[in-house]
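Here are some exercises to work through with the structure open in front of you. Try each task before you read its solution.

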Amino acid sequence: MAEPSAPSAAASPTSPAAGHPGRSPVTWLLALALVVVFDGAITRTSLLWGPTAFEHSGGVRLVFPQTYQVARKIYAPAGDPDLRVALLGNSRVVLAVRERRLDRAFAAVRPDLEIATSNLGIFGSFLGETEMLARHLGALDPDVVVLALGAPDLIREATHPPGEGPMDLLQIGFRDGSVAASGVGEKIDRWLRTVWPLYRFREFAREAILDRLLARPDPGAPPEEFATREELFAHLYGDRADAVAAAFRSWQTQGGLARYARYLETASPGHLVRGKERAQSRDPLTRETPSVVALDALLAGLAAGDPPAILVLMPENPILAEDVDGDFHRPGLSARAAGIARELAASHGIPVVDARDWLPADRFLDFDHPIFELEELERRLAQEILNVRER
């Protein structure tokens, strides 16, 4: 009787010819499909973009929740208005232009249109970071883009140091733009954020998932509007609110730069220190200044897009006109910055609205931020935006 023949190599389960699941194209396609499904289940649903506790808790650094809220406005916008206006900038536009108030100003001018404002300003955002944020605008598809600029923005650094600003959370694009990647690792990180949404939003997704797993308490969003200055002071300064209000009233009734400085020292000593440091800066302001280069790249990107753009030179506190010795600001900076901004905007065909003298001093919270009784600002800004849109 013949002995049974040995199994052939082709039939061996360990033979390469039998095929390993990991080498099968079908396996790779299935894995890719699972990644796409998992990615979409997080980045395109309320799991990521629904209400979260971390954005209100103060448990994460301030820039993080603000950047998340801006990302939500871009990638999960509310409503379907006839015209959507996107605002770019830093705390100047965050505090001065509240979305609901500007929407009401639009409605007064064009009641026949549903116009919605998406304020994409982030506290402390530098111009290089705003340029990076503007790369995301395609997902929002706005009809008008407004860039709010203050003169001091041009003498600051182009971006925060790594780990301290929104740049770390927003980097996308295969080109460096005005701010080059610091190394190969950062370049790869930027490329991955560009092509892989879940990787792009991984920091936000982690916090959103932890909110749900840990059932973190949500204190809720702060009020968008305050009925009185006293209410705002109470929100901002807590136990010091009465002293701040008294110092503000003293300046209102008696005037003078010295009393205004005492009000700021009571309210925000850090802001006063920053003003003095800015006044001492002698860094040259030229077309080669890093933040000017970033502004040029930002305006070029806006000009290349479909929606019309507008550059707004934000209101400046006229109390600084009394600072003839330059203790709290850099004399001549405003005019020089406005001149450079106008030149750059003209080279890209972007109109400029000069709002520097639109407001009196009592409308400002400090040297930089308009915040009180801004109906006139909103009315004029709404009209200027509509003028640009209708050209």
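**Exercise 1. Find the bridge partner of Ala-86 in strand S3, then place both strands in their sheet.**

Step 1. In this predicted model, Ala-86 has Val-145 as its bridge partner in S3.

Step 2. Now look at the strands themselves: S1 covers residues 83-88 and S3 covers residues 144-149, and four bridges join them. The two strands run parallel.

Step 3. Widen the view to the open sheet, where five strands follow the order S2-S1-S3-S4-S5 with parallel pairing. Strand S2 (115-119) and S5 each have a single partner strand, so they stand at the edges and one side of each has no neighbour in the sheet. On average, neighbouring strands are turned by 20° against each other, direction ignored.

Step 4. Add the helix that packs on this sheet: H18 (residues 333-347) touches S3, S4 (309-313) and S5. The direction of H18 makes about 175° with that of S4.

**Exercise 2. Work out how helices H4 and H12 are oriented to each other, and which residues make their contact.**

Step 1. Take the geometry: H4 (residues 63-75) and H12 (residues 202-214) pack at an angle of about 100°, and their axes are 11 Å apart.

Step 2. Classify the angle. Values from 65 to 115 degrees count as roughly perpendicular, so H4 is roughly perpendicular to H12.

Step 3. List the residues in contact. H4 supplies Phe-64, Thr-67, Tyr-68 and Ala-71, while H12 supplies Glu-203, Phe-204 and Glu-207.

Step 4. Sort them by class: the contact has four nonpolar residues, one polar residue and two charged residues.

**Exercise 3. Decide whether His-369 is buried or exposed, and find its surroundings.**

Step 1. Locate the residue: His-369 sits in the loop between strand S5 (352-354) and helix H19 (375-389).

Step 2. Buried means under 20% relative accessible area. His-369 has 12% relative accessibility, so this residue counts as buried.

Step 3. Look beyond its neighbours within four places in sequence: His-369 is in contact with Ser-91, Arg-92, Leu-95, His-271, Arg-363 and Phe-364.

**Exercise 4. Find which residues have the most contacts inside the largest nonpolar core.**

Step 1. This core has 53 residues, and the ones with the most contacts inside it are Val-85, Phe-233, Tyr-263 and Phe-367.

Step 2. Follow one of them. Neighbours within four places in sequence aside, the contacts of Phe-367 include Leu-257, Tyr-260, Leu-264, His-271 and Phe-328.

Step 3. Look for a second, separate core: it has 41 residues, among them Ala-134, Val-145, Ala-151 and Leu-299.

Key
Residues numbered from 1 in each chain as written. Predicted model: local features only at pLDDT ≥ 70, side-chain atom pairs only at ≥ 80, totals over all residues. Heavy atoms only, no water. Core = buried A, V, L, I, M, F, W, Y, C linked by side-chain atoms within 4.5 Å. Buried < 20%, exposed > 50% of the residue type's maximum accessible area, 1.4 Å probe, protein only. Contact = heavy atoms within 4.5 Å. Axes fitted to C-alpha atoms, helices over the stretch in contact; angles between N-to-C directions. Parallel < 35°, antiparallel > 145°, perpendicular 65-115°, else oblique. Nonpolar A, V, L, I, M, F, W, Y, C, P; charged D, E, K, R; others polar. Pairing = 2+ DSSP bridges.
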